[in-house]
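Here is a quick tour of a fold, strand by strand and then helix by helix. Have the viewer open while you read.

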Amino acid sequence: MSAALSALLHVTVDSVEPPTPPENGPTMPDSYDHARWQAQRKAAVTAPTGNLALVETRWTSEPVDIAAEYAAAPPSVAVTSIQRKDLATGGTQYGLRVWDASSPAIRSFDRIDTYEYDPAWVVTGRFLPVAEDRTVPFEHIRDNGGTRDLVVPGDIVVTVAGREHTLAAFDDGGTLLLVFADETNGAETYGAGRFLHVQRAADATPGEPGDVVLDFNRAFVPPCGFSAQYNCPLPPAANRFPLPIRAGEKNVVFRDGFDIYAA
C-alpha cells in the first residue's frame, strides 16, 4: 500500500500491532497471545497520536504549513500532513491532521467491547497472488458513495462455516489487511464493518502464494469507530460474509453518553 494510503488509514503504526508471523509459516494463536494483543490495542488507541486523539482532518488544494500549525497549537497537540487524490478533479489534495493527547474522546473512553476468545474462529486459508496492477474499488465512509481504487495483491481463499469464500485484502505496509462485513454489523458490532490483519509466514513476499491464518478474534474496530475525522474504506461485495462472525472487537464504549459525531 502507498505511504499516502497508510497515512489516511493510520492503522499499522498507531491502532494495532499486526501479528508477528513465525519463520516457517503461520501458526495458530492462543488466548494468552490474544490477551496481550488486547492490551496493546488499548495502549495504541489511547496514545497521543492514537485513534482517539484525532480531533481534526482538514483538506486544501495547496500544501499545508505544518510548522505554522505547530507554533499555534497548545502543548498537548500534534499536527501531521497527509495527501490524497481529489475524486472530483483527480488532482492532489493536501491535508493536515490534528491530534490532541487530552482529546474529549480519550477522556471519555471506557473500553473496547469484545467477544470472548474462541479458538473456533481461527481459520486457515490460502493466499493466491494476482496481476500486480489489479485494483478493487473501495467505497469510503466519508466519500458520499465515491470509490477509490486500491491495489489488491491477491485473493484469500478460505472456508468459513462450511462455505468457501474468495476475499480481497490490500497491502498495509507489508501486511495483508482485510476489510470485511458480517451479519453482526450494526446490531452487535461496529456498523461499517471491521478490519483484520492476515498472518503469513515471515519470509513471504506479496507476490508469493502460501498459507495464511485469519484469527477473527483479532478483528478490530476501524479507526473511524474512534474518531469521525477518519475516512475508512468499506467492505467490498466479496468481503461481506452472509453469517454472523461473533469474534473480535464489537464496539468502542464511551462514558457519559459521549458521541464521536457530536464532539
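## Sheets, a helix and two cysteines

Strand β5 (residues 122-129) and β12 are joined by 6 bridges and run antiparallel. One pair to look up is V122, whose bridge partner in β12 is D215. Strands and helices here are DSSP runs (E, at least two residues, for strands; H or I, at least four, for helices), numbered from the N terminus. Two strands count as paired if DSSP finds at least two bridges between them.

A word on the ground rules: this is a predicted model, where local features need pLDDT of at least 70 and side-chain atom pairs count only at pLDDT 80 or more, while totals for chains, interfaces and linings use all residues. Residues are numbered from 1 along each chain as its sequence is written, and side-chain values use heavy atoms, with hydrogens and water left out.

Back to the sheets. β5 and β12 belong to an open sheet of 6 strands, ordered β11-β10-β9-β8-β5-β12, with antiparallel pairing. Its edges are β11 (194-198) and β12 (210-215), each pairing on one side only. From one strand to the next, the twist averages 40 degrees (axes are lines fitted to C-alpha atoms, and angles run from 0 to 180 degrees between N-to-C directions).

Another open sheet has 3 strands in the order β1-β3-β2, again with antiparallel pairing. Here β1 (54-60) and β2 (77-85) are the edge strands, each pairing on one side only. Neighbouring strands in this sheet are turned by 20 degrees against each other on average, direction ignored.

Three antiparallel pairs, laid out for lookup:

| Strand pair | Bridges | Facing residues |
|---|---|---|
| β5 and β12 | 6 bridges | V122 and D215 |
| β2 and β3 (residues 92-100) | 9 bridges | V77 and D100 |
| β6 (residues 135-139) and β7 (residues 147-151) | 5 bridges | F138 and R148 |

β6 also has two faces: V136 and F138 sit on the covered one, and T135, P137 and E139 on the uncovered one.

Now helix α2 (residues 31-45). At 1.5 Å a residue, its 15 residues should span 21 Å (1.5 Å times one less than the number of residues), and the end C-alpha atoms are 21 Å apart, so the two agree. Its buried residues are H34, W37, R41, A44 and V45, where buried means under 20% relative accessible area with a 1.4 Å probe, protein chains only. They cover an arc of only 85 degrees around the axis, so they lie on the same side of α2; the arc is taken from the directions from the helix axis to the C-beta atoms. These buried residues pack against β4 (109-114) and β13 (249-254), with contact meaning heavy atoms within 4.5 Å.

Last, the cysteines. C224 is buried at 3% relative accessible area, and C232 is buried at 1%. The structure holds 0 disulfides, a disulfide being a pair of cysteine sulfur atoms within 2.5 Å.

Methods
Buried < 20%, exposed > 50% of the residue type's maximum accessible area, 1.4 Å probe, protein only.
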